[in-house]
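User: I would like to go through this model by question and answer. Please start with the backbone.

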Amino acid sequence: MAGKKPTRDLLGIIWQNFWRSLQPRQFRGTYIGEDYFGNKYYEIPPNPSLGKRKPSRWFVPAEKDAFDQELTAEWEAWLRGRRDDPPTREELVKNLQIMELKKRNAAELDAHYSKEKDAGALPKQVEGETIGTFPKYKEFEISPGKKPLG
């Protein structure tokens, strides 16, 4: 038997996996950063040797047990793994300023165009009509073949 073929040692593989499962794991995450709401973000990096290919990421809300709290879009993308690097403070400040500018512009546009919109609106109610029915106009037939109202 000069060329002995390597065989899979099933018991050896099971023993190695069992032994690796007893090795200590990292349970505490590394502090990564904080957003302007006060939420703190943590990560445990991936460890392919243990079969962990993706990092574990989570946040601790500013108010305890308020996990439905609002998150910034940048931090949410990092939590979900859509971006590799966490957002920088400069990026967060820049995006917050853009958001505030858009809110101000939207309020100005709404104030400017709301006056014109109200003046040109269709009449809400025609004489002799109760609220909640379909509007009736003098120039249109109520049903096919019948004469108009006027």
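User: Which residue in the turn between E1 and E2 has a positive phi?

Analyst: This is a predicted model, in which local features need pLDDT of at least 70, side-chain atom pairs count only at pLDDT 80 or more, and totals for chains, interfaces and linings use all residues. Residues are numbered from 1 along each chain as its sequence is written, and side-chain values use heavy atoms, with hydrogens and water left out. Strands (DSSP runs of E, at least two residues) and helices (runs of H or I, at least four) are numbered from the N terminus. E1 and E2 form a hairpin with five residues between them, and the turn residue with a positive phi, about 100°, is Gly-38.

User: How many bridges join E1 to E2?

Analyst: E1 covers residues 30-34 and E2 covers 40-44, and the two run antiparallel. Thr-30 has Glu-43 as its bridge partner, while Tyr-31 stands opposite Tyr-42. Two strands count as paired if DSSP finds at least two bridges between them; for E1 and E2 the number is four.

User: In what order do the three strands lie in the open sheet?

Analyst: Strands of a sheet pair through backbone hydrogen bonds, either parallel or antiparallel. Here the pairing is antiparallel, with five bridges joining E2 to E3. E1 and E3 (56-60) are the edge strands, each pairing on one side only. The order is E1-E2-E3.

User: What is the average twist from one strand to the next?

Analyst: Axes are lines fitted to C-alpha atoms (for helices, over the stretch in contact), and angles run from 0 to 180 degrees between N-to-C directions. From one strand to the next, the twist averages 25°.

User: What pattern does the chain follow along the sequence?

Analyst: The chain has three helices and three strands. Read along the sequence, they give α-β-β-β-α-α.

User: How many of the five residues of E2 are buried?

Analyst: Buried means under 20% relative accessible area, exposed over 50%, and partly exposed in between (1.4 Å probe, protein chains only). Across from E3, Lys-40 stands opposite Val-60 and Tyr-41 stands opposite Phe-59. E2 is largely enclosed by the rest of the structure, because the number of its residues that are buried is four.

User: Which residues make up the covered face of E3?

Analyst: E3 has two faces, one covered and one uncovered. Ser-56, Trp-58 and Val-60 belong to the uncovered one. The covered face consists of Arg-57 and Phe-59.

User: Which helix gives the most to the largest nonpolar core?

Analyst: A nonpolar core is a set of buried Ala, Val, Leu, Ile, Met, Phe, Trp, Tyr and Cys residues joined through side-chain atoms within 4.5 Å. The largest one has six residues: Tyr-41, Phe-59, Trp-75, Trp-78, Leu-79 and Leu-92. In soluble globular proteins, nonpolar side chains tend to be buried together. Three of the core residues come from one helix (residues 73-79), namely H2.

User: Why is the pair of Tyr-31 and Tyr-42 classed as it is?

Analyst: Rings of Phe, Tyr and Trp (its six-membered ring) pair if their centres lie within 6.5 Å; planes under 30 degrees apart count as stacked, over 60 as edge-to-face and the rest as tilted. The structure holds eight aromatic pairs. In this one the centres are 5.7 Å apart and the planes are at 65°, and the partners sit 11 residues apart, in E1 and E2. Tyr-31 is partly exposed at 42% relative accessibility, and the angle of its pair with Tyr-42 makes the pair edge-to-face.

User: At what angle are the ring planes of Trp-75 and Trp-78?

Analyst: Both residues are buried, and being three residues apart in H2 they are separated by about one helical turn. Ring pairs link them with Tyr-41 and Phe-59 into a cluster. Their ring centres are 5.5 Å apart, and the pair is edge-to-face with planes at 90°.

User: How far apart in space are Pro-46 and Ser-56, C-alpha to C-alpha?

Analyst: Pro-46 is found in the loop between E2 and E3 and is partly exposed, with a relative accessible area of 37%. Contact means heavy atoms within 4.5 Å; leaving aside neighbours within four places in sequence, Pro-46 is in contact with Lys-52, Arg-53, Lys-54 and Pro-55. Pro-46 and Ser-56 are 10 residues apart in sequence, and their C-alpha distance is 7.4 Å.

User: What share of the residues in the chain is buried?

Analyst: Among contacts between residues at least 6 apart in sequence, 27% join residues at least 24 apart. The chain has 150 residues, and the buried share is 13%.
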